[in-house]
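Thanks for coming, everyone. Please look at the screen, and I'll walk you through the ligand site first and then a few single residues.

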Amino acid sequence: MRVLITAGPTREYLDDVRYLSNASSGRMGYAIAEAALAAGHEVVLVTGPVAISPPVGCEVHPIETTDDLLNTCVELFSKCDGVIAVAAVCDYRPVERVAGKITKTGTAVTFEFIETADVLAELGKQKADRWIVGFALESQDPRANAMRKLKMKNCDCIVLNDTSAIAADSNDVEVLSPDAETVAQFRGTKPKVASDLFGWIETHIAGE
Ligand code: CTP
């Protein structure tokens, strides 16, 4: 199989120096990429800026903004069998990016933000016979929110985790099916969860 994996954060620039981003180490996405490679698959990794190195053997596409992520994924998805979307996408961007560096004035400033593109929802529209695994990071009403995302993004399942996963060594995830059943649960270090989760995806979602 050829598996598209998104990982890490995206950045949205206010000017050439300052940006808004999401807290994400990229470790969960990279660990899933590692697990997919270890299982003998081709991995196309689209990654935001992180401090760790991608697993050896991936086809790596570095991106920075959500628009970069969107354009890169739309191009690559058609040649893949499925996608696992682990990226922590920055959902807002400034209405305008100022060229150069905004100078301080000594007073408060106000910026207007608008929503960025929903990359996975876009891939969901182009799905055809490919499979889609989404992640959902929730802090309140987790199952209802995760199910809303699964439907909106046309996912075959969604992996629910909470904010304790951010920058942590371990993770505790629950996989929800389109009929809102808990179909799997994995807990442990991120490499262990990644390996167990990828094995489950191979069998139950990708039909390998
Ligand atoms: N995602 C995406 N593009 C976005 C936002 C999210 O592709 N603009 C993907 C993520 O990679 C993840 C899934 O959609 O697989 C859900 O991401 P999450 O951040 O949990 O939810 P959002 O859709 O951003 O909704 P909210 O911020 O309201 O929780």
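Let's start with a contact: how far does a backbone N or O atom of Ala-85 lie from an oxygen atom of the ligand? The distance is 2.7 Å. Keep in mind throughout that this is a predicted model.

Two further polar contacts belong with that one. Asp-91 uses its side chain: a polar atom there lies 2.9 Å from an oxygen atom of the ligand. Val-119 uses its backbone: a polar atom there is 3.0 Å from a nitrogen atom of the ligand. Now the area. On its own, the ligand exposes 570 Å². The protein buries 79% of that.

Where does the ligand sit? It occupies the largest pocket. Which elements give two or more residues to the shell around it? They are helix 3, residues 119–125, and strand 9, residues 131–138. Strand 9 gives the largest share, with four residues.

How many residues surround the ligand in total? The count is 14. The closest are Ala-85, Ala-87, Leu-120, Lys-149 and Lys-153. By type, the shell holds nine nonpolar residues, one polar and four charged.

Next, the loop between helix 3 and strand 9. Two residues to point at here. Ala-128 is found in this loop. Its phi is near 50°, a positive value in a residue other than glycine. Most residues other than glycine have a negative phi. So is Ala-128 buried or exposed? Ala-128 has a relative accessible area of 70%, and the cut-off for exposed is over 50%, so Ala-128 counts as exposed.

Asp-129 has its place in that loop between helix 3 and strand 9 too. Its relative accessible area is 72%, so Asp-129 is exposed as well. For a sense of distance, take Asp-129 and Phe-198. They are 69 residues apart in sequence. In space, C-alpha to C-alpha, they are 19 Å apart.

Ala-180 also has a positive phi. The value is near 65°, and again this is a residue other than glycine. Ala-180 lies in the loop between strand 11, residues 170–176, and strand 12, residues 182–189. What about its exposure? Ala-180 has 44% relative accessibility. Partly exposed runs between 20% and 50%, so Ala-180 counts as partly exposed.

Now to the buried residues. The cut-off for that label is under 20%.

Thr-10 first. Thr-10 is found in the loop between strand 1, residues 2–7, and strand 2, residues 11–13. Is a residue in this loop buried or exposed? Thr-10 has a relative accessible area of 1%, so it is buried. What does its side chain contact? The partner is the side chain of Thr-66, in a polar contact of 2.9 Å.

Glu-12 lies in strand 2. Glu-12 has a relative accessible area of 7%, so this residue is buried. Compare sequence and space for Glu-12 and Pro-94. Along the sequence they are 82 residues apart. Their C-alpha atoms are 7.2 Å apart.

Val-43 has its place in strand 4, residues 42–47. Its relative accessible area is 3%, so Val-43 is buried. Here the sequence separation to Leu-160 is 117 residues. The distance in space is 22 Å, C-alpha to C-alpha.

Last one: Ile-205. Where is it found? Ile-205 is in the segment after helix 5, which spans residues 190–204. Ile-205 has 18% relative accessibility, and that is under 20%, so Ile-205 counts as buried. Which distance separates the C-alpha atoms of Ile-205 and Val-133? The answer is 8.3 Å, for two residues 72 apart along the chain.

To recap the ligand site: the ligand is in the largest pocket. Ala-85 has a backbone atom at 2.7 Å from a ligand oxygen, Asp-91 has a side-chain atom at 2.9 Å from a ligand oxygen, and Val-119 has a backbone atom at 3.0 Å from a ligand nitrogen. That's my tour, thank you.

Technical notes. Residues numbered from 1 in each chain as written. Predicted model: local features only at pLDDT ≥ 70, side-chain atom pairs only at ≥ 80, totals over all residues. Heavy atoms only, no water. Near = heavy atom within 4 Å. Polar contact = N/O pair within 3.5 Å; in protein donor to acceptor, adjacent residues only side chain to side chain. Areas by Shrake-Rupley, 256 points an atom, 1.4 Å probe, with all protein chains shown as cover. 1 Å grid on protein atoms, 1.4 Å probe; cavity = no way out; pocket = protein on both sides within 12 Å on 5 of 7 lines; lining within 4 Å. Sits in = over half its atoms within 2 Å of the grid points. Nonpolar A, V, L, I, M, F, W, Y, C, P; charged D, E, K, R; others polar. Buried < 20%, exposed > 50% of the residue type's maximum accessible area, 1.4 Å probe, protein only.
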